[in-house]
Amino acid sequence: MIVERNITCIVCPIGCKILVRIDGTQLEIVEGNKCKRGIEYAKNEAFDPRRMLTTSVLVNGGEWPLVSVKSSKPVPKEKLFPILKEIKRTAVNAPVKSGQTIIKNVANTDISIVATKTVKNNKI
Ligand code: SF4
């Protein structure tokens, strides 16, 4: 069965609306991309959509109760829920340094969860 679908490219701020025709594992660009990067994006979005994940993790004994974190690379959409579940169960002890790995191989994905801020010890 051939399906036509619109995909909005988010590689650059132009945000081209790309019309694609999908036939099983084959993808044909119909129209809309202003450059070649849109072709690769549309293929990935159609067959293996991924997103960078940003959220926060609990901190014990820190100046702040949470530290912001991100995934080390884009996460497959179907893995978002198990990854968020593992992050929710996680707490880290202060101090936390920006760039510090908080969880390695989260939800068996070969992706790490990394702190994006520094949280010092609570001085009280
Ligand atoms: S197709 Fe090219 S120009 Fe259009 S949004 Fe994607 S990267 Fe930008």
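**Notebook: loops, sheets and a ligand shell**

I started with Asn105, which sits in the loop between β9 and β10. This is a predicted model, so I am reading everything below as a prediction. The phi of Asn105 is positive, about 50°, although the residue is not a glycine. I checked its surroundings too: Asn105 has 11 other C-beta atoms within 10 Å, and 12 or fewer means exposed.

Asn108 was next, in the loop between β9 and β10 as well. Here phi is about 55°, again positive in a residue that is not a glycine. Asn108 counts as exposed, with 10 C-beta neighbours inside 10 Å.

While on loops, I looked up Pro95, which lies in the loop between β8 and β9. The Ala94 to Pro95 peptide bond is cis, and its omega is near 0°.

**Overall layout**

I stepped back to the whole chain and got 2 helices and 10 strands. In sequence order they read β-β-β-α-β-β-β-β-α-β-β-β. The C-alpha trace spans about 60 × 30 × 15 Å along the principal axes. For the radius of gyration I noted 19 Å, whereas a compact globule of 124 residues would have one near 14 Å. Burial comes to 21% of the 124 residues. Taking contacts between residues at least 6 apart in sequence, I found that 47% join residues at least 24 apart.

**The five-strand sheet**

Which order do the 5 strands of the open sheet follow? I wrote down β8-β5-β6-β10-β9, with mixed pairing. β8 (91–93) and β9 (101–103) are at the edges and have a single partner strand each, so one side of each lacks a neighbour in the sheet. From one strand to the next the twist averages 45°.

I followed β5 (residues 54–60) to β8: the two pair in the parallel sense, over 3 bridges. In that pairing Asn60 is opposite Asn93 of β8. Helix α2 (residues 80–88) packs on this sheet and touches β5, β9 and β10 (113–115). The direction of α2 makes about 20° with that of β5.

**The three-strand sheet**

The other entry is an open sheet of 3 strands, ordered β1-β2-β3 and paired antiparallel. Its edge strands are β1 (2–8) and β3 (26–31), each pairing on one side only. I noted an average twist of 30° from one strand to the next. β1 and β2 run antiparallel and are joined by 7 bridges. Thr8 faces Lys17 of β2.

I picked Ile22 in β2 (residues 17–23) for a closer look. Is Ile22 buried or exposed? Neither label fits: 17 C-beta neighbours inside 10 Å make Ile22 partly exposed. Leaving out residues up to four places away in sequence, Ile22 touches Val3, Arg5, Leu27 and Ala46. I also took one long distance: Ile22 and Ala115 are 93 residues apart along the chain, and their C-alpha atoms are separated by 38 Å.

**Around the ligand**

Last stop was the ligand. Which residues surround the ligand? I listed Cys9, Val11, Cys12, Ile14, Gly15 and Cys16, along with Asn33, Lys34, Cys35, Arg37, Gly38 and Tyr41. Sorted by class, the shell holds 7 nonpolar, 3 polar and 2 charged residues.

Terms used: Residues numbered from 1 in each chain as written. Predicted model: local features only at pLDDT ≥ 70, side-chain atom pairs only at ≥ 80, totals over all residues. Near = placed C-beta within 6 Å. Nonpolar A, V, L, I, M, F, W, Y, C, P; charged D, E, K, R; others polar. Pairing = 2+ DSSP bridges. Helix = DSSP H or I, 4+ residues; strand = E, 2+ residues; numbered from the N terminus. Axes fitted to C-alpha atoms, helices over the stretch in contact; angles between N-to-C directions. Contact = placed C-beta atoms within 7 Å. Rg over C-alpha atoms; globule rule 2.2 N^0.38 Å. Buried ≥ 20, exposed ≤ 12 C-beta atoms within 10 Å, placed from the backbone.
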